[in-house]
Amino acid sequence: MTRLHGGLRVDIMHIMEGFLPSPWWQVWFLVSLPFIIIGLYQVNRLVQEKREALPLLAVAGAFVFVLSSLKLPSFNGSCSHPTGTGLGAILFGPCIAAVLGLIVLVFQAVFLAHGGLTTLGANVFSMGIAGPAVAYLIYKAGTRVGANTYATVFVAAALADLTTYIVTSVQLALAFPGTAGFLGAFLTFAGIFAATQVPLAIIEGAVIMLVFKYIVQLKPEILTRLNLLSESAVRKLREASA
Amino acid sequence: MKYGMELAVAALILVFAAVFLFQDAAIRASGEEAWGGADGAAAELIESSGYEPWIDPFWEPPSGEIESLLFALQAAIGAIVIGYIFGYWQGSRKTA
């Protein structure tokens with residue numbers, strides 16, 4: 001099957017058009033739908049109650065656009081791209097991150113034949129929901145135990161990226177257990193992706209950590225308004241980098 | 001240190017680039033082709049079991065150049081939005 005070259009039809013993060021048989025592609029649509037509906041509701045509430053946070057929402061969405069367009073060469077001789085959804089998840093929670101992920105995935109499926117419309121449900125779940133949920137939980141846990149904010153952001157974003165590919169491997173293994181069974185198939189798919197994705201996850205964590213620092217420097221009041229950082233925590237972070 | 005984090009991230013990216021160059025040299029020396037999507041491997045695995053994709057994308061970029069154009073456009077849209085908003089914040093802090 002030579003037409004699968006160059007990542008045109010396929011890539012690590014997204015399952016390509018037609019590569020999930022029935023009933024799996026419908027199942028993943030159903031799983032993702034409630035998150036998208038809650039996400040749209042939350043965006044709506046943000047527009048009405050916290051308008052000053054909208055530029056930050058635009059930054060989070062734009063960040064997914066930039067990062068998911070960069071196909072980076074990794075250590076093992078193949079390419080993949082980061083997701084960038086970790087930032088939106090930390091700032092606004094996984095449901096709004098799912099909406100941001102959906103926008104980018106539709107853009108890529110329609111204009112780039114990257115991912116696919118029938119596999120959109122599965123791809124939204126891995127990149128927009130599962131990864132962001134991990135980032136969100138790690139950030140919440142990190143702030144609760146008082147860990148260094150930037151280190152927490154780094155770990156949250158990097159693990160969100162890794163979770164996305166692990167979930168993609170689970171989705172493929174469920175649909176194509178083959179003769180090895182689910183676990184065997186999962187390990188095979190995860191093995192193909194792991195070597196490529198781990199270095200990229202570290203880079204993604206580092207870049208998101210840097211952007212978070214700039215948000216703290218430029219617009220800390222939005223972070224306190226979103227209950228992400230207390231005013232004293234902001235003061236401490238700003239003094240440390242002054 | 002004011003720019004400690006910037007330096008650390010820059011160092012990380014340099015390490016990443018250096019490893020890429022070494023790896024690339026090693027792969028070229030062995031005469032293999034590389035730097036395709038790691039994806040291709042997964043797709044080949046699926047198709048080797050006899051699975052045929054049941055639907056094709058209704059439109060595909062007609063060439064690699066046009067695909068790159070669209071990817072660059074996607075990155076540009078995002079970069080403009082980030083730059084505009086960060087710049088706006090920076091400007092309003094200075095005049096405040």
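## Exercises on helix H7 and the interface of chains A and B

Helix H7 of chain A, residues 181-218, has 38 residues and spans 51 Å from its first C-alpha to its last, close to the 56 Å expected at 1.5 Å a residue. The model is predicted.

**Exercise 1.** Determine where H7(A) bends and by how much.

*Solution.* Follow the axis of H7(A) along the chain. At A:Ala194 the helix bends by about 45 degrees.

**Exercise 2.** Describe the extent of the contact between chain A and chain B.

*Solution.* Begin with the residues: chain A contributes 74 and chain B contributes 51. Next take the area: about 5,700 Å² is buried between the two chains, and carbon and sulfur atoms give 74% of it. Finally, identify the residues of chain A that lose the most area to chain B: these are A:Phe75, A:Leu112 and A:Leu218, together 12% of what that side buries.

**Exercise 3.** State how many salt bridges and polar contacts link chain A and chain B, and locate one salt bridge.

*Solution.* The count of salt bridges between the chains is 3. In a salt bridge, the side chain of A:Lys71 meets that of B:Glu67, at 3.6 Å from N to O. Across the interface, 9 residue pairs are in polar contact, with both residues at pLDDT 80 or more.

**Exercise 4.** Establish which element of chain A gives the most to the side that touches chain B, and how the residues of that side divide.

*Solution.* Several elements each supply at least two residues, among them helix H4 (94-112), helix H6 (149-175) and H7. H7(A) gives the most, with 18 residues. By type, the residues of this side of chain A divide into 50 nonpolar, 15 polar and 9 charged.

Conventions. Residues are numbered from 1 along each chain as its sequence is written. Chains are lettered from A and ligands numbered from 1 in the order in which they are written. This is a predicted model: local features need pLDDT of at least 70, side-chain atom pairs count only at pLDDT 80 or more; totals for chains, interfaces and linings use all residues. Side-chain values use heavy atoms; hydrogens and water are left out. Helices (H or I, at least four residues) and strands (E, at least two) are DSSP runs, numbered from the N terminus. The expected span of a helix is 1.5 Å times one less than its number of residues. The bend at a residue is the angle between axes fitted to the seven residues ending there and the seven starting there. Contact means heavy atoms within 4.5 Å. Buried area is the accessible area (1.4 Å probe) that two parts lose on being put together, summed over both. A salt bridge is a side-chain nitrogen of Lys or Arg within 4 Å of a carboxyl oxygen of Asp or Glu. A polar contact is a pair of N or O atoms within 3.5 Å; within protein, one must be able to donate a hydrogen and the other to accept it, and residues adjacent in sequence count only if both atoms are side-chain atoms. Ala, Val, Leu, Ile, Met, Phe, Trp, Tyr, Cys and Pro count as nonpolar, Asp, Glu, Lys and Arg as charged, and the others, Gly among them, as polar.
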